[in-house]
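Thank you for sending this structure for comment. The points below are arranged by region and concern helix packing, aromatic pairs and a few individual residues.

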Amino acid sequence: MRRILVTSALPYANGAIHLGHLFEHIQTDIWVRYQRMAGNECIYVCADDAHGTATMLLAEQSGTTPEALIEPLRRAHADDFRRFHISHDNYYSTHSPENEHYATLIYRRLAAKGLTFTGEVEQLYDPERGLFLADRHVRGTCPRCGAAEQPGDNCDACGATYDATELGAPRSLMSDAAPVRRASLHYFFDLPQFTDYLKEWTASDAVQPEVTNKLAEWLGAGLKPWDISRDAPYFGFRIPDTEGKYFYVWMDAPIGYIASFRNLCDRTEGLSFEDFWDPGSSAEVHHFIGKDIVNFHALFWPSVLTGADFRTPTKVHTHGFITVGGTRMSKSRGTFINAATYLDHLDPEYLRFYFATKLVPNTDDVDVNLDDFVQRVNSDLVGKVVNIASRCSGFIARQFDGKLAGAIHDPELWGEVSGAAGRIGELYESGDVSRAVREITALADRTNAYIADREPWKHAKDPERRGEVHGVCSLGINAFRALMVYLKPILPAMAGRTEAFLNTGELTWADAGTPLLDHAIGKFKPLITRMDRKDIDKVVDATKAEADPSH
């Protein structure tokens, strides 16, 4: 049995859970549920990323404190994920005693080894608001092409990157004042010391090949020390033995993985923190992230862990961006869809299934097409997989008192369906869920064709063909059960209804290879209904209304 700790990237505590969050958490959850079905111990933790200037400013605008702001958001996020059947073992917050403890511990260990240092940094400072400005809070003239109203890190017009201090005629978005340059003492992590280590680590199977290539570009250009501090006012943890200096949010955010797991260990008898995080651990740690934060997780994070005497991740699973209709999600177009808005109109497992058809083991971007969404659910899931159970169960109930045959009617077909468990399991393991769904759908097609060829509806009342009808429909039910084993990581709620219908108890991965013989099944009830395109339109319209309440 493998022992595995899994995380998804931490949603920021400044807004609702949306399609982008759901894509990653559904991807992670499918992998986690497969591991559990395969008999492995697989623990899934996450947390809200609570710290930073943005949280502080949002609380100020809301007339409350950051602490009062973040907890209701955390509960709402956890509830949204729960309603999408995301099986977190713990959903915590980076603003926690455990995270402060480990952030401080890690920093002290790094400092004791000479892996941190201080230096003067000149930044833009808003004299009216009395704070240093993050790049996103500044606009000015691009120093390369002269385009106006560009942010403080890169130009939207020409693509140039630069420091905010290089902007011409800078303007603070916080107050509209002209910022001034001001020097401040900052704390740095000496990332370049880990260059050789990172070249070896990133060339291993800890990251995907295309991620290795991207990281090699950064490593080849030369790593720079990493600024891990921010000045007051700031919502976060104060750096030990300092006044007015706080850990930058990207310092304590990944440590939130450790803190969430620590919190779970403290509440769970027999779960050992050291078994998973000590340097010599034989357990596995897997992170699921988007490619926009790969530098933090595959350069900074393993270096910090190594420097502080913790184990490094077994694998960082990186996915691409999500678009809708070929463009970035947009509230005005109704495609920046929040989880709660979706749930007002649609079954969460529709989205779980559709996202599953898109999950690949690389960083290619994923596009959501709303018409394709309806087609995949109605044609592949309802029309092919569920159709097997609905068309066979009636014959079993009416003609055979709800009891399956005592032998497999077609060993060749059964061998084809049941024998796919190993191959489909490997696809889940590698993250190629899209291909797994295609294989499952192909097996459903094969089973439907087998039933259609034998036409049990024509022979149900023929005494001489009674045994054949029983065998055909029983095999159909057994094939359906195997397909639902394969789909259970994607569709846990539908699998639960299937378990009740088949009177089987909880399905495990091994059950795909064992048929139900002389077994009484229950009365068939619809396991999932067809999608109505009108309900998607309602979600889009509601999203537009959220963007423009007067809409």
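1. *Status of the model.* Please bear in mind throughout that this is a predicted model. Residue numbers count from 1 along the chain as its sequence is written.

2. *H14 against H15.* Helix H14, residues 421-430, packs on H15 at an angle of about 155 degrees, and the two axes are 7 Å apart. An angle over 145 degrees counts as roughly antiparallel, and H14 and H15 are therefore described in that way. The crossing of H14 past H15 is left-handed. On the H14 side the contact is formed by Arg 423, Ile 424, Leu 427 and Tyr 428, and on the H15 side by Val 433, Arg 435, Ala 436, Glu 439, Ile 440 and Leu 443. Sorted by class, these residues comprise seven nonpolar, no polar and three charged.

3. *H15 against H17.* Helix H15 (residues 433-454) also meets H17; their axes come within 10 Å and cross at roughly 170 degrees. H15 and H17 are therefore roughly antiparallel as well. From H15, the residues involved are Ile 440, Leu 443, Ala 444, Thr 447, Tyr 450, Ile 451 and Arg 454. Their partners in H17 are Glu 468, Gly 471, Val 472, Leu 475, Gly 476, Ala 479, Leu 483, Tyr 486 and Leu 487. This contact of H15 with H17 contains 11 nonpolar, three polar and two charged residues. Ile 440 and Leu 443 of H15 appear here and also in the contact with H14.

4. *H17 against H18.* The axes of H17 (residues 466-487) and H18 (residues 492-502) come within 10 Å, with a crossing angle of roughly 150 degrees. H17 and H18 are therefore roughly antiparallel, and their crossing is left-handed. H17 contributes Ile 477, Phe 480, Arg 481 and Met 484, while H18 contributes Met 494, Ala 495, Thr 498, Phe 501 and Leu 502. The residues of this contact divide into seven nonpolar, one polar and one charged.

5. *Surroundings of H18.* Which residues of H18 are buried? They are Pro 492, Met 494, Ala 495, Thr 498, Glu 499, Phe 501 and Leu 502. The elements covering these buried residues include H1, H11, H12 (370-399) and H17. Just after H18, Asn 503 adopts a positive phi of about 55 degrees.

6. *Helix H1 and its aromatic link to H11.* The structure holds 25 aromatic pairs. In one of them, Phe 23 and Phe 355 have ring centres 5.1 Å apart and planes at 85 degrees, so the pair is edge-to-face. Phe 23 belongs to H1 and Phe 355 to H11 (residues 348-356), so this pair ties together parts that are 332 residues apart in sequence. Phe 23 is buried at a relative accessible area of 2%, and Phe 355 is buried at 0%.

7. *Tyr 102 and Phe 310.* The ring centres of Tyr 102 and Phe 310 lie 6.3 Å apart with planes at 75 degrees, so this pair too is edge-to-face. Tyr 102 sits in helix H4 (residues 97-112) and Phe 310 in the loop between H9 (294-307) and strand E14 (315-319), which places the partners 208 residues apart. Tyr 102 and Phe 310 are both buried. Elsewhere, ring pairs join Phe 189, Phe 194, Trp 226, Tyr 248, Trp 250, Phe 296 and Phe 300 into a cluster.

8. *Gln 27.* Gln 27 lies in H1, which spans residues 19-37. Is Gln 27 buried or exposed? Its relative accessibility is 11%, and Gln 27 therefore counts as buried. Beyond its neighbours up to four places away in sequence, Gln 27 touches Phe 288, His 319 and Leu 359.

9. *Helix H2 and Pro 233.* The buried residues of H2 (residues 53-61) are Thr 53, Thr 55, Met 56, Leu 57 and Ala 59, and they pack against H3 (66-83) and strand E5 (131-132). Just after H2, Gly 63 has a positive phi of about 70 degrees. Pro 233, in the loop between strands E11 (229-231) and E12 (245-247), is partly exposed at 35% relative accessible area. Leaving aside residues up to four places away in sequence, Pro 233 touches Met 56, Gly 130 and Leu 131. Pro 233 and Gly 52 are 181 residues apart in sequence, and their C-alpha atoms are 9.8 Å apart in space.

Conventions. This is a predicted model: local features need pLDDT of at least 70, side-chain atom pairs count only at pLDDT 80 or more; totals for chains, interfaces and linings use all residues. Side-chain values use heavy atoms; hydrogens and water are left out. Helices (H or I, at least four residues) and strands (E, at least two) are DSSP runs, numbered from the N terminus. Buried means under 20% relative accessible area, exposed over 50%, partly exposed in between (1.4 Å probe, protein chains only). Contact means heavy atoms within 4.5 Å. Axes are lines fitted to C-alpha atoms, for helices over the stretch in contact, and angles run from 0 to 180 degrees between N-to-C directions. Angles under 35 degrees count as roughly parallel, over 145 as roughly antiparallel, 65 to 115 as roughly perpendicular and the rest as oblique. A crossing is left-handed if the near helix is turned anticlockwise from the far one by less than a right angle, and right-handed if clockwise. Ala, Val, Leu, Ile, Met, Phe, Trp, Tyr, Cys and Pro count as nonpolar, Asp, Glu, Lys and Arg as charged, and the others, Gly among them, as polar. Rings of Phe, Tyr and Trp (its six-membered ring) pair if their centres lie within 6.5 Å; planes under 30 degrees apart count as stacked, over 60 as edge-to-face and the rest as tilted.
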